[in-house]
Amino acid sequence: MNTVLLEVLKDVVTTDESKLTPEAKLIDDLGCDSLSAVEITMMLEEKLGITIDDDEVAKIVTIQDIINIIESKQ
């Protein structure tokens, strides 16, 4: 997993790294809400120098979805 993504998730979601697996669902498994998703997105955009569209954010369910978006932007 991208180290920047890991840092952001640990800052926003949980410091328990064992929960941060690609198949973890942000809402169901990690207790995120829509505000958390926006915060994660904004931090990733800033740290990675990418732009994540609102329609992409709306489709994020799992950490793997975020990984896929990051990979498509690099």
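Visitor: Before we start, what does "buried" mean for a residue here, and what does "exposed" mean?

Guide: Buried means under 20% relative accessible area, and exposed means over 50%. Keep in mind that this is a predicted model. With that cut-off, I63, I66, I67, I69 and I70 are the buried residues to look at in helix α4.

Visitor: How should I read a list like that along a helix? Which way do residues three or four places apart point?

Guide: An α-helix has 3.6 residues a turn, so residues three or four places apart point the same way. Now the case in α4: I63, I66, I67, I69 and I70 are buried. They cover an arc of only 160° around the axis, which puts them on the same side of α4. On the other side of that helix, E71 and S72 are exposed.

Visitor: And what do the buried residues of α4 pack against?

Guide: Their partners are α1, α2 and α3.

Visitor: Let's take α2, then. Where does it run, and how many residues does it have?

Guide: Helix α2 covers residues 34-48, which is 15 residues. From first C-alpha to last it reaches 21 Å, close to the 21 Å expected at 1.5 Å a residue.

Visitor: Which residues of α2 are buried?

Guide: Look for S36, A37, I40, T41 and L44. Viewed down the axis of α2, the buried residues fall within an arc of 135°, so they line one face of the helix. Turn to the other side and you find L35, M42 and E46 exposed. The buried residues pack against α1 (3-12), α3 (54-58) and α4 (63-73).

Visitor: Could we zoom in on one of them? What is the relative accessible area of T41?

Guide: It is 7% for T41, and buried means under 20%, so T41 counts as buried. Leaving out residues up to four places away in sequence, T41 touches I52 and V57.

Visitor: What should I look for at the two ends of α2?

Guide: At the N-terminal end, D33 acts as a cap: one of its side-chain oxygens lies 3.1 Å from the backbone nitrogen of L35. After the helix comes G49, with a positive phi near 65°.

Visitor: L48 belongs to α2 as well. Which residues does L48 contact, beyond its neighbours within four places in sequence?

Guide: Those contacts are N2, V4, I70 and Q74. You met I70 earlier, among the buried residues of α4. Sequence separation and distance in space are worth reading side by side: L48 and L5 are 43 residues apart in sequence, and their C-alpha atoms are 9.3 Å apart in space.

Definitions and conventions
Residues numbered from 1 in each chain as written. Predicted model: local features only at pLDDT ≥ 70, side-chain atom pairs only at ≥ 80, totals over all residues. Heavy atoms only, no water. Helix = DSSP H or I, 4+ residues; strand = E, 2+ residues; numbered from the N terminus. Expected span 1.5 Å × (residues − 1). Buried < 20%, exposed > 50% of the residue type's maximum accessible area, 1.4 Å probe, protein only. Arc of directions from axis to C-beta. Contact = heavy atoms within 4.5 Å. Polar contact = N/O pair within 3.5 Å; in protein donor to acceptor, adjacent residues only side chain to side chain.
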